[in-house]
Each structure stands twice: as C-alpha cells, then as structure tokens.
Amino acid sequence: MKLRSLLFVPGDRPDRMQKAFAAGADALILDLEDAVALERKAEARRHVADFLRAVGGNQIWVRVNPLDSGENQRDLDGVLAAHPHGLVLPKAEGGRDVDELARRLTERGNATAQILAIATETPAAIFGLGSYGGAKRLAGLTWGAEDLPAAIGAATSREEDGSFTAPYEIARSLCLFGAAAAGVAPIETVYPNFKDVDGLATYAARARRDGFTGMMAIHPAQVAVINEAFSPSETEIAHARAVVAAFDAQPGAGALSLDGKMIDRPHLVQARRILDSAGR
C-alpha cells in the first residue's frame, strides 16, 4: 500500500468522511484524538466504525488516543471489529509503545492492523527515535510540530516565514533517520495553511528531496499536490532505468559513467527505490 498522502478527517464528522474518501488520498486517518472533544469521543467511535463497515478498511487508518489514556482501550473496543487497515498512535515514545499497542490488538483478536507512530510529541519521545527497529506491526513513523512545543513551553515551532526553528528541525531529522533505521516509511508532518498551494508544493518537494516518502494532509485540496510531489516524474523514471540497465550490463562494476557523470552503488540503490515507488 502506497502512503504518499494521508488525509486527516475528524472522527465526529461523518459528513466529511465520504468527501475525503473521494479526494484521492492513499489513506484516510479518521481522528479520535485531538480533533474530537472528550464528550464526543463515544459518538465519534460509532461514526468511525459505521464508515469502516460501509466502505471497508483498505485505505482507512484510525488515530486512537494515547496508550496511557483510558480512551485508548475504548477506542480499540469501539473500532477494531470494523477492521481498519491500521492505527495511528499519538504520543509514542519508542518501540516499546508500538509493541504495547500491538499486544492490545492481539489481545482483542486482531492479527492484521498495522501501526503508524507519531514519534516526536513529547520530550522523552525525542530520545526514543532510535528504538523502533523490530517493533511489531510498525509501518511508518511520522512527527508533529504542535504538541512538542506545548510540552516544553516553547512559544512556537516556526519562524515568521513558516520554516521550523532549530529544535524542531532536529525532531524532523531524527524522525526521518529513525524510520530509515527501522526500515519503515518516514512520513512528513502537515502543512497547516491549506490555501497556500504554492507553499505546500515547495514544502512537499523538500520533504521528498530529504527522504520522506509521504506526507499527512489536513484538507482534501492538499491531496493532489502531495501525490504529485511524492510520485517520480517520467524523467526520474527514465534516468533510474538507465542506471539499472548500466549496472545490469556490467554487474561486477563498482562505479560507471552515465551521461558524462560517475555513478556508483548508492545511485543504483536510489534508482531501484524510484522504480519501486513508481510501480515499474
């Protein structure tokens, strides 16, 4: 399953779910956590379960509440029987938290749901970003720039131009490297200004350049831009094929010349990754 675009939908807004489903995102995240007030969480679980039963869980993930909240157990009891594709775990602080959620899933008879961890939302989480290797059911790591500044008392995570301040660039980078070390998908965080299409395109292109393989979205209008940013162009695909063909022709070579430039084994790894992501 591709995870280029993951579109958030509040779990208590069934009127938005079908529209979001038709937006072309690779995955929907039906949110039972931050987007839903405490007094509406039981209602939201019913709406989420109803929608899952209506459309099937193939593209659908559910953001549950944190492990240490009583709401987490209620979320699992309320939605697992409707078979979501996966669960998004907020406030994760390391691989042990993913394993604990996996244990709770198994305890309830669910053997298939995957887990996407939001891995930078507490100060302790930053020091656990290297611990996700081998975590059960883990499909990816993503990060957030809203909860962490609130947790440490920072005024903001962003400069006036929208770029991240130094502490949050570190969190972003560690999430990227932590995902790569664990062998799972690194997912970029949201771009809050959904009306700024040009800014979103630049932001998503930077994310792909840096090694992220997908990005979360907060509005259906963002989906097409994100999908395009995380899809290889025909030019990239053609170059990747040429790299692979060059090494296939000389399998014992460590370095080759292609189009007047030197290429070596890291270029071959990247070329194969591009072709895999394009389904070629």
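Colleague: How many bridges join β5 and β6, and in which sense do the two strands pair?

Modeller: In this predicted model, β5 and β6 pair in the parallel sense, over four bridges. To see one such bridge, find Leu116 and look across to β6, where its partner is Gly140.

Colleague: What lies on from β6?

Modeller: β6 is joined to β7 by three bridges, and these strands run parallel. Gly140 turns up again here, with Ala185 as its bridge partner in β7. As for its surroundings, strand β6 (residues 138-142) is mostly covered, with five of its five residues buried.

Colleague: How should I read the two faces of a strand?

Modeller: Start with the general idea: in a regular strand the side chains alternate between the two faces of the sheet. Now try strand β4, residues 86-89. Gly86 and Val88 sit on one side, Leu87 and Leu89 on the other, and all of them are buried, which leaves both faces covered.

Colleague: Which strands pair with β4?

Modeller: One is β3 (residues 60-63), which pairs with β4 in the parallel sense over three bridges. There, Trp61 has Gly86 as its bridge partner. Another is β5 (residues 114-118), parallel to β4 over four bridges. In that pairing Leu89 stands opposite Ala117.

Colleague: Where does the chain cross on its way from β4 to β5?

Modeller: The path goes through helix α4 (residues 95-107), and this β-α-β crossover is right-handed. β3, helix α3 (residues 70-79) and β4 also make a right-handed β-α-β unit.

Colleague: Let's turn to helices. How do I find the buried side of one?

Modeller: Here is the idea to keep in mind: an α-helix has 3.6 residues a turn, so residues three or four places apart point the same way. In α8, the buried residues are Gly199, Leu200, Tyr203, Ala204 and Ala207. Seen down the axis of α8, they fall within an arc of 125 degrees, so they line one face of the helix. Asp198, Thr202 and Arg209 are exposed on the other side.

Colleague: What covers the buried residues of α8?

Modeller: The cover includes α7, β7, β8 (214-217) and α9 (223-229). You can check the length of α8 too: its 14 residues reach 20 Å from the first C-alpha to the last, close to the 20 Å expected at 1.5 Å a residue. Just after α8 comes Gly211, with a positive phi of about 120 degrees.

Colleague: Can we practise on another helix?

Modeller: Take α11, residues 265-277. Its 13 residues should span 18 Å at 1.5 Å a residue, and the end C-alpha atoms are 19 Å apart, which agrees. Leu268, Ala271, Ile274 and Leu275 are buried in α11. They cover an arc of only 120 degrees around the axis, which puts them on the same side of α11. The face turned away from that buried side carries the exposed residues Pro266 and Asp276. The buried residues of α11 pack against α10 (234-249) and β10 (261-264).

Colleague: And how do I read a pair of aromatic rings?

Modeller: A pair of aromatic rings is described by the distance of the centres and the angle of the planes. The count in this model comes to four aromatic pairs. In one of them, the ring centres of Phe164 and Tyr203 are 6.4 Å apart with planes at 55 degrees, so the pair is tilted. Phe164 is in the loop between α6 and α7, while Tyr203 is in helix α8, 39 residues apart. Both Phe164 and Tyr203 are buried. For Tyr191 and Tyr203, the centres are 5.2 Å apart and the planes at 50 degrees, so this pair is tilted. Ring pairs link Trp143, Phe164, Tyr191 and Tyr203 into a cluster.

Colleague: What should I look for in phi?

Modeller: Most residues other than glycine have a negative phi, and most peptide bonds are trans. His83 is not a glycine, yet its phi is positive, about 60 degrees. You will find His83 in the loop between α3 and β4.

Colleague: Is His83 buried or exposed?

Modeller: His83 is exposed, with a relative accessible area of 56%. Arg137 also has a positive phi, near 70 degrees, and is placed in the loop between α5 and β6.

Conventions: Residues are numbered from 1 along each chain as its sequence is written. This is a predicted model: local features need pLDDT of at least 70, side-chain atom pairs count only at pLDDT 80 or more; totals for chains, interfaces and linings use all residues. Side-chain values use heavy atoms; hydrogens and water are left out. Buried means under 20% relative accessible area, exposed over 50%, partly exposed in between (1.4 Å probe, protein chains only). Two strands pair if DSSP finds at least two bridges between them. A crossover is right-handed if, with the strands pointing away from the viewer, the path from the first strand over the helix to the second runs clockwise. Rings of Phe, Tyr and Trp (its six-membered ring) pair if their centres lie within 6.5 Å; planes under 30 degrees apart count as stacked, over 60 as edge-to-face and the rest as tilted. The expected span of a helix is 1.5 Å times one less than its number of residues. The arc is that of the directions from the helix axis to the C-beta atoms. Contact means heavy atoms within 4.5 Å.
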